[in-house]
Amino acid sequence: MEDSAIFNVQEQWLRPLRCELNVLSRPDGSAMITQGSYFILCCYVNTFLYSYRVHIFFFKGNTAVVAAVYGPVDVKPQRILVDKASIETVYKPKSGLPNVADRMRETIIKNTCETALLSAIHPRTAVCIVLQEMQDSGGLLSCCINAACMALMDSGIAMKFLVAAVSCMISEDDIILDPSDKDLMGSKASLTFVFDSAKKNLVASHTSGVFSQEQYHESLLKCRQASCEIFEFYRSLVKKYIICI
Amino acid sequence: MPVDSRRIQGPDSSVPFMLYSSREKKDYKTVKSEVFKKGLRKDGRKWDQHRKVYLKTSVVTQAKGSAFIEQNNTKVICSVFDPREIPRKSDYSVNGELYCEFKYAPFSCLTRRGHQQDAEEKEFSLILRRALEPAVCRHEFPNFQVDIYALVLQDDGSALSAAITCASLALADASVPMYDLVASVTLGVHDDLKFLDPTAEETILCNTSPRTLQNHGTIVFSYSASQQQISEYAQTGAMNLDCITSAIDILTRACDDIYPLSQQCLVKSVAKSVKKKKKREEKLNRERAILADENEPPTNE
Amino acid sequence: MDAQYKVIDPVKFYRDHLAHKIRPDGRGLLKFRPAVINVDSIGTADGSAIVKIGNTTVVCGVKLELGVPKPEESNIGWLVPNVTLPPLCSPRFHPGPPSDEAQVASNMLAEILSNASVLDLRALCVVPERLAWAVYLDAVCLNHDGSILDACVVAAVAALRTVRLPRVEHDADKDITKVFPDERSSLPITGAPIPTTHAIFEDEVILVDPTSDEESLASGLVTITVQNDQMCSVYKPGGSPLADENMQACLSRARTRAIQMNNLIEAALAARDKEETKDQKLIS
């Protein structure tokens with residue numbers, strides 16, 4: 001447990017968030033984010049030479065995404081951009097081929113990361129972001145964006161700002177932050193917002209369902225408040241990892 | 001069946017509802033008598049009468065050149081793009097290439113068309129290319145290809161002919177160097193009957209004739225009128241030699257009639273663009289005068 | 001001179017124009033292009049509409065087929081919306097499988113139609129578990145000059161409004177289906193979602209209804225879909241961060257636009273109905 005951080009939101013706004021950096025050895029940066037309840041089993045495996053300690057994670061009703069970043073790397077000639085790095089995003093669903101909905105998720109993640117990166121300092125290169133969905137139980141898009149942001153930060157590439165994604169849902173009378181898939185069953189609408197760390201302005205927004213302009217604004221404000229908690233989480237995460245390095 | 005993950009999928013199998021239609025199926029003889037009655041066709045045309053043709057150029061502003069053709073219910077749109085390097089080609093080619101793609105829109109035919117090009121559309125793309133190639137000065141753009149795309153919005157017979165006429169006009173509109181325009185007309189043959197510019201119903205009749213008939217089928221005929229050259233002749237079905245020679249005679253005359261329409265359309269579009277250019281220049285001069293008033297010109301000290 | 005300037009430095013070209021609060025095509029920053037809607041123009045389709053917004057042209061055609069409902073949801077039919085951006089419409093697209101842009105547009109169209117519950121899919125079911133209508137909705141772009149989603153959704157809604165569903169009888173015991181093409185009724189279409197695209201230029205200036213040049217230079221795009229004064233999609237795929245007051249202004253603007261566009265659809269449908277009754281009078 002020493003290389004990971006658990007963040008418990010005081011006011012129970014968001015589900016517990018857990019992030020592990022550098023989970024993969026080959027990419028330049030990687031992160032795994034899980035959001036939701038889980039418990040960890042620690043066990044020892046004895047072989048005749050070594051004794052390993054193995055963590056087994058039991059994810060119960062949570063959303064988990066692994067993100068990896070390569071870059072700046074070589075770029076295909078047809079994708080070359082003379083004035084900035086080209087950002088490529090690959091989203092891998094849990095099983096099967098990506099469908100049109102995954103393609104849209106990919107586009108949102110790509111454009112969001114493009115905004116956050118200082119791509120102008122790496123012209124004629126590519127930054128490749130790969131996301132693997134592990135489990136979806138609500139708030140997949142926001143989890144993906146947070147994971148991508150953490151992986152980018154882990155890779156050490158220059159960024160303008162960090163981004164934090166928060167999802168919420170509008171039920172009959174109320175706005176619920178970070179709903180799980182069970183909560184979403186009774187929702188009128190679900191919304192995902194992405195904020196930047198500099199001015200906390202809206203970077204990306206995706207919604208489903210029907211809602212009024214006032215409800216949208218209200219959700220936006222609520223999610224912005226919650227996004228501060230995620231930025232706080234990023235900070236505590238970095239603090240922990242600095243000790244490890 | 002491979003699933004197309006790049007599109008939204010419907011049911012695994014679905015059939016056009018007309019298959020279950022409660023209307024009685026007509027037998028071949030009644031269809032024939034209905035299509036051609038007392039020397040007139042269903043839409044009131046004589047057998048050698050072409051449908052009215054409406055042509056328009058520069059309909060797609062994003063393309064270098066484009067054209068739209070309407071023959072009653074057959075509607076085809078065509079666009080042509082700037083020459084680009086032939087992708088994946090290492091050796092030098094003296095002549096430039098034409099890349100043609102012919103596609104039916106999913107809703108253009110009686111039964112729904114798939115999104116991917118099927119065998120028929122691929123064959124038509126090839127015919128389209130062969131019909132246009134002799135009319136284009138391909139030596140003017142070696143090692144480059146010109147993309148030509150034809151999309152059928154609604155098919156009521158003779159869509160390929162319409163596409164060829166339309167594409168040649170679009171090429172001219174894109175100022176691709178050409179020897180001549182190409183006009184194309186389809187002829188449907190059914191026994192002793194001939195249908196110039198057949199509708200969808202007539203095409204079906206011509207293509208599904210019983211085997212005992214000596215002459216049946218359709219001919220797609222492309223012709224460069226000022227050069228008096230046949231650029232493409234595509235025939236389906238079987239016909240004897242006499243029939244073919246008389247058909248070519250009829251088709252040549254029909255193409256000669258279509259050709260001036262393309263020419264007129266082109267002249268109109270040139271006149272229009274000249275006028276537009278003049279107007280734009282006038283406007284620009286006016287704007288420049290205003291701007292000059294606003295920002296005082298820097299004075300040399 | 002103008003054209004050369006645009007080619008050499010398109011960003012500065014736009015910056016200079018926008019500084020004077022005018023766009024190169026002569027529009028103000030918050031001015032929409034004129035829109036034209038024409039319905040039922042494709043005879044082979046079971047319902048169709050052509051929408052032109054400025055130069056952007058989208059043709060939407062509906063084809064009806066019969067299929068078997070999904071086993072997990074046996075009492076609903078199929079609505080299969082797809083956006084095709086053929087290479088014909090813009091030099092940006094090449095032949096082959098649908099581009100990312102087309103896939104995202106297809107998904108957005110499907111999401112908007114389902115969010116706004118434009119069509120009750122239960123009405124498409126003929127016999128549960130046995131037979132249901134499959135409504136294939138294909139929006140084909142003929143001229144891609146920006147704000148493609150706006151045109152696609154409006155065209156899709158207008159086309160669905162023109163669909164006449166034939167009466168079907170299904171005998172489950174004998175497995176015989178009978179369709180009566182002469183007895184038709186319209187689809188139960190409720191509401192009309194109207195999207196409005198905004199472009200953000202250099203993090204500051206907001207333009208409505210951008211052309212394709214403006215879209216490619218923009219640092220961000222926001223598409224807001226409004227139905228009956230309610231939002232059914234606020235789609236901002238990254239791009240420049242937007243402050244709240246700007247976002248609110250965009251939302252309000254989208255609401256006004258929706259009313260205008262709705263009127264336009266109604267007018268187009270009314271014009272068609274008028275013509276139809278005229279035709280019927282002529283026949284009788």
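Which residue of β3(C) does P16(B) stand opposite? In this predicted model, the partner turns out to be E65(C). The strands around that pair are β1(B) and β3(C), the latter covering residues 56-67 of chain C, and they run antiparallel to one another, paired over 3 bridges.

That pairing belongs to the contact between chains B and C, where 39 residues of chain B meet 49 residues of chain C. On the chain B side, four strands each put in at least two residues: β1 (14-16), β6 (74-80), β8 (97-104) and β9 (144-154). Of what chain B brings to the contact with chain C, β9(B) gives the most, with 5 residues. So much for the strands; next comes the residue make-up. Sorted by class, the side of chain B that touches chain C comes out at 19 nonpolar, 12 polar and 8 charged residues.

Chain C has a contact of its own to look at, this one internal. The chain splits into domain 1, made of residues 1-31, and domain 2, made of residues 32-283. Between the C-alpha centres of these two domains of chain C there is a distance of 31 Å. Where the two touch, domain 1 of chain C puts in 9 residues and domain 2 of chain C puts in 8. As for class, the side of domain 1 of chain C that faces this contact with domain 2 holds 6 nonpolar and 3 charged residues, with no polar ones.

Note on methods. Residues numbered from 1 in each chain as written. Chains lettered and ligands numbered in written order. Predicted model: local features only at pLDDT ≥ 70, side-chain atom pairs only at ≥ 80, totals over all residues. Contact = placed C-beta atoms within 7 Å. Nonpolar A, V, L, I, M, F, W, Y, C, P; charged D, E, K, R; others polar. Pairing = 2+ DSSP bridges. Domains from an automatic or database assignment.
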